[in-house]
Amino acid sequence: MKKEIAFIFDLDGVIVDTAKYHFLAWRNLANELGFEFTKQNNELLKGVSRVRSLEILLGIGNVELSESQKQEYLIKKNTEYLGYVNQMTADEILPGINDLLDFLDQNNIKYALGSASKNAPLILEKVGLLDRFTALVDGNDVSKAKPDPEVFLIGAQKLQMKPENCIVVEDAIAGVEAANTANMTSIGIGDAKLLGDANYVLANTSEFTPKFLQKILN
Ligand code: BG6
Ligand code: MG
């Protein structure tokens, strides 16, 4: 197997399924503001920063808020979300991910995190994965959100790898676009119809096996 490659993993929807917790917190906020927020609406927030997510949500409800009200609601949403995150355990690591990381370690293939979430280090700590990554890039490190490639380019720099030797694993359309713009190989996790721009698409993380990896790396 070629060794001059590295992986950059998105967090939410790839390592852990936190989308369900984001959904609960955003839905409660929408209900408080007097409108419904569906699971389908929640798809629009995947890979999107917290601030942008609130803007999209307010657009769905056709609600206008002042800057200070927005700040208040952002804190409220994150406080509720952290309540769920604080109860997370290693059981919430998505299927196949532990085996995959073991395989990468055994083959001396480095991996970094490339996430839009400002809560990424806490989530990794909760599920016991914080020390496994060579580098972390999260929502606190970037000035431009996905689909801008910044998060992945910083990841490649931290790994001391050329972008073309990095493989990004992503569940969001914006994330696949960011990886492609960064000139990296993209692996989409989810619906092939939505993630058609990715170099490879797997329906879920349990399909991300060492066998699949060997196939794409050789
Ligand atoms: C992304 C999620 O990983 O992180 C988005 O897919 C979320 O849904 C974004 O809005 C920001 O997360 P946080 O934890 O900083 O609010
Ligand atoms: Mg994601």
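This briefing covers helix α1 and the surroundings of ligand 1. The model is predicted, and every value given here is computed from it. Helix α1 takes in residues 19-32, while the shell around ligand 1 is made up of 15 residues.

**Helix α1**

- The 14 residues of α1 should span 20 Å, because each residue is taken to add 1.5 Å, and the end C-alpha atoms of the helix are 20 Å apart, in agreement with that expectation.
- The residues of α1 that are buried, which here means under 20% relative accessible area, are A19, Y21, H22, F23, A25, W26, L29 and A30.
- The cover over these buried residues of α1 includes three other helices, namely α2 (39-43), α3 (50-61) and α4 (67-85).
- After α1 comes G34, a residue with a positive phi near 95 degrees.

**Residues around ligand 1**

- Among the 15 residues around ligand 1, those that come nearest are D12, V48, S117, K118 and N119.
- By character, the shell around ligand 1 consists of seven polar residues, four nonpolar residues and four charged residues.

**Polar contacts and cover of ligand 1**

- The side chain of S117 places an N or O atom 2.6 Å from an oxygen atom of ligand 1, and a polar side-chain atom of S53 lies 3.4 Å from an oxygen atom of the ligand.
- K118 takes part through its backbone, with an N or O atom that lies 2.7 Å from an oxygen atom of ligand 1.
- On its own, ligand 1 has 390 Å² of accessible area, and the protein covers 97% of that area.

Definitions and conventions
Residues are numbered from 1 along each chain as its sequence is written. Chains are lettered from A and ligands numbered from 1 in the order in which they are written. This is a predicted model: local features need pLDDT of at least 70, side-chain atom pairs count only at pLDDT 80 or more; totals for chains, interfaces and linings use all residues. Side-chain values use heavy atoms; hydrogens and water are left out. Helices (H or I, at least four residues) and strands (E, at least two) are DSSP runs, numbered from the N terminus. The expected span of a helix is 1.5 Å times one less than its number of residues. Buried means under 20% relative accessible area, exposed over 50%, partly exposed in between (1.4 Å probe, protein chains only). Contact means heavy atoms within 4.5 Å. A residue is near a molecule or strand if one of its heavy atoms lies within 4 Å of it. A polar contact is a pair of N or O atoms within 3.5 Å; within protein, one must be able to donate a hydrogen and the other to accept it, and residues adjacent in sequence count only if both atoms are side-chain atoms. Accessible areas come from the Shrake-Rupley method with a 1.4 Å probe; for residues, only the protein chains shown count as cover. Ala, Val, Leu, Ile, Met, Phe, Trp, Tyr, Cys and Pro count as nonpolar, Asp, Glu, Lys and Arg as charged, and the others, Gly among them, as polar.
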